[in-house]
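Here is a short briefing on one protein chain. Strand pairing comes first, then the overall numbers, aromatic rings and selected residues.

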Amino acid sequence: MEAPSETERLLGRGPAYGSTEPPGVAEEEELRRRLKYFFMSPCDKYRARGRRPVKLGLQLAKILLVTVQLILFGLSNQMVVTFKEENTIAFKHLFLKDYVDGAEDSYAVYTQQDLYERMFYAVEKYLAIPNETIGRYAYVHGGNHSALLLCQQYYRKGRIDPANDTFNIDPKIVTDCLGVDPEDPQPLSPELDRSYKNFTLKFHKLINVTIQFKLKAINIQTIINNEIPDCYTFTITITFDNKAHSGRVKIHLDNRADIKECKDPSVFGRGDNSFRLFFDVVVILVCSLSFILCARSIIRGLLLQHEFSRFFQRRYNQSVCLSDRMEFLNGWYILLVISDVLTVLGTIMKIGIESKNFAGYDVCSILLGTSTLLVWVGVIRYLTFFQKYNILIVTLRVALPNVIRFCCCVAVIYLGYCFCGWIVLGPYHVKFRSLSMVSECLFSLLNGDDMFVTFAEMQQHSYLVWLFSQVYLYTFISLFIYMVLSLFIALITGSYETIKHQCEGEPPVSQLHTYIAQCKDSPKSGKYRRDSTASCSIFCCCERAPLQDNALLVN
């Protein structure tokens with residue numbers, strides 16, 4: 001085979017003219033350039049190859065689109081939640097006699113007469129809805145069942161004699177129901193053809209009484225946002241709870257809303273959702289493109305890692321450590337991929353909601369909210385290219401392992417306090433009635449919130465329990481505020497000081513970056529370019545000298 005001519009050596013991509021480097025050295029230099037290019041910032045990559053930072057521009061556009069989409073959906077969702085909450089308040093005032101706002105925990109009856117009065121009051125108000133309510137509601141007839149069901153649940157057999165300290169109870173529960181229909185022209189069946197006034201309660205073995213019915217309504221306020229109004233079906237359940245048999249029957253009203261598309265909607269001059277649909281499709285396309293580009297970058301990183309590991313093993317007979325291999329796996333890209341998936345799923349659900357084929361507002365809001373959070377967090381990646389911002393990100397990354405280990409140790413003590421507080425103080429303190437409430441109360445105390453109220457609300461029915469509560473609260477506050485919280489802050493502060501001193505001095509360099517640092521080619525050298533011409537980008541202010549692909553590089 002003939003040796004290459006001098007002109008071919010001058011213009012070729014092999015070793016430079018006058019170089020005596022063997023092919024293995026040239027291969028290694030090429031690998032170093034590829035590694036250095038892989039870890040460059042978007043602006044340096046533009047200087048090196050003239051390629052515009054498409055992913056950077058795409059992420060900025062995605063932030064704008066996703067944020068606008070979230071705001072529009074949030075306004076719509078807020079109207080849905082507000083409509084349901086206001087109707088629930090209206091139902092409580094309509095069907096609960098002498099109801100006062102904010103009295104859910106204390107609204108109860110204590111005599112048989114009061115229970116009958118409130119039970120019959122709710123039924124009477126239901127029958128008078130067309131004539132009394134301000135809102136526009138319609139009855140829902142239940143096919144084989146009546147529009148309203150008045151039911152009581154009681155033990156099949158129950159005899160309680162406190163005088164002789166005896167009882168005889170069969171725990172099997174029996175349900176007895178009576179149907180009521182408003183102005184039903186059809187004759188009732190014999191078993192339902194009776195007045196609800198004759199409904200007799202078995203107080204000696206009564207568990208609860210429930211009144212259940214459905215009402216229809218239309219939320220017309222959505223036309224403010226140029227949306228087609230929704231049709232609602234409210235399922236209302238009024239419960240008279242006597243399962244404790246304590247002489248106090250608690251009363252509460254539950255309201256469940258089902259949303260569906262109205263029949264033949266007609267809104268003059270409004271109700272066209274074509275722009276929203278177009279906007280959602282654009283969001284899906286942008287997120288899909290972002291997903292493809294980020295996934296491609298992740299795959300390229302893994303392939304480059306595999307190639308580097310094989311070359312390093314073959315050339316130096318050494319294996320690349322795990323920390324260096326993980327450098328190729330860009331966590332920011334993984335974050336963006338997850339956000340893209342959540343955004344696409346949330347947008348598809350949003351389209352289904354706006355077309356009235358789906359009513360999962362809560363699931364959709366969680367998907368869109370989480371995706372928007374991840375998109376904004378992903379912006380931090382581009383701040384890491386600036387030294388002043390990067391030191392904060394590096395501090396969090398360095399401190400995170402120690403913080404996680406520290407939190408695992410503290411969580412054991414915290415859970416111990418949660419279980420202890422729940423079992424001992426739960427019967428006497430409203431903030432310790434459940435494990436979730438105990439955790440919320442202790443976390444508030446940990447941050448110095450609501451301390452005096454927590455101490456003051458402790459009931460002194462038992463001096464021993466009150467004394468225990470004082471020891472319990474004082475030890476928790478002292479331990480977690482003065483020791484745990486201080487150590488937690490010290491871990492992060494220590495990591496910050498370490499990173500700060502490293503930046504001022506000679507920072508430690510990993511084996512990978514030491515290997516890459518041997519490549520002295522700057523981004524403007526032209527050695528990274530692959531048959532591309534110089535161009536200008538609006539995303540980076542990069543001044544660069546014109547380069548030619550066939551320029552003679554003489555070493």
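Strands β3 (residues 148–161) and β4 (residues 166–180) run antiparallel, joined by 13 bridges. The model is a predicted one. The chain has 16 helices and seven strands.

**Strand pairing around β3**
- L149 has G179 in β4 as its bridge partner.
- Four residues lie between the strands in the hairpin of β3 and β4. There, D165 takes a positive phi near 55°.
- β3 also pairs with strand β5 (residues 206–219). That pairing is antiparallel too and has seven bridges.
- On this side, Q152 stands opposite V209 in β5.

**Strand pairing around β7**
- Strand β6 (residues 230–241) pairs with β7 in the antiparallel sense, over eleven bridges.
- Within that pairing, I236 has N255 of β7 as its bridge partner.
- Strand β1 (residues 108–109) is joined to β7 (residues 249–260) by two bridges. These two strands run antiparallel.
- A108 stands opposite K250 in β7.

**Whole-chain figures**
- The chain has 555 residues, and 37% of them are buried.
- Among contacts with a separation of 6 or more, 71% are between residues 24 or more positions apart.
- The accessible surface comes to about 32900 Å². Carbon and sulfur atoms account for 61% of that surface.

**Aromatic rings**
- The whole structure holds 26 aromatic pairs.
- One of them is F91 with F234, an edge-to-face pair. The ring centres are 5.6 Å apart, with 75° between the planes.
- This pair links distant parts of the chain. F91 lies in helix α4 (residues 54–95) and F234 in strand β6, 143 residues apart.
- Both F91 and F234 are buried.
- F468 and Y472 give a stacked pair, because their planes are at 25° and their ring centres are 6.2 Å apart. The cut-off for stacking is planes under 30 degrees apart.
- F468 and Y472 both sit in helix α15 (residues 463–504). They are four residues apart, so about one helical turn separates them.
- Burial of these two rings is as follows. F468 is partly exposed, with a relative accessible area of 33%. Y472 is buried, at 4%.
- One aromatic cluster is formed by F83, F91, F95, Y126, Y137, Y139, F213, Y232 and F234. The edge-to-face partners F91 and F234 are thus both listed in this cluster.

**K92 in helix α4**
- Is K92 buried or exposed? K92 counts as buried because its relative accessibility is 14%, and the cut-off for buried is under 20%.
- K92 is placed in helix α4.
- Which residues does K92 contact, leaving aside neighbours within four places in sequence? The contacts are Y99, E104 and L253.

**N390 in helix α12**
- N390 is found in helix α12 (residues 387–425).
- Leaving aside neighbours within four places in sequence, N390 is in contact with L383 and T384.
- N390 and I380 are ten residues apart along the chain. Their C-alpha atoms are separated by 8.9 Å.

**Nonpolar surface patch**
- L302, L322, M326, L329, I334 and I338 form a nonpolar patch on the surface. Together they have about 490 Å² of accessible area.
- Which elements give two or more residues to the patch? They are α8 (322–326) and α9 (331–354).
- L329 of the patch is found in the loop between α8 and α9.
- L329 is partly exposed, because its relative accessible area is 31%, and the partly exposed class lies between 20% and 50%.

Notes: Residues numbered from 1 in each chain as written. Predicted model: local features only at pLDDT ≥ 70, side-chain atom pairs only at ≥ 80, totals over all residues. Heavy atoms only, no water. Pairing = 2+ DSSP bridges. Patch = residues over 30% accessible without salt bridge, like charges linked within 9 Å, V, L, I, M, F, W, Y side chains within 5 Å. Areas by Shrake-Rupley, 256 points an atom, 1.4 Å probe, with all protein chains shown as cover. Salt bridge = Lys/Arg side-chain N within 4 Å of Asp/Glu carboxyl O. Buried < 20%, exposed > 50% of the residue type's maximum accessible area, 1.4 Å probe, protein only. Contact = heavy atoms within 4.5 Å. Phe/Tyr/Trp six-rings, centres within 6.5 Å; stacked < 30°, edge-to-face > 60°.
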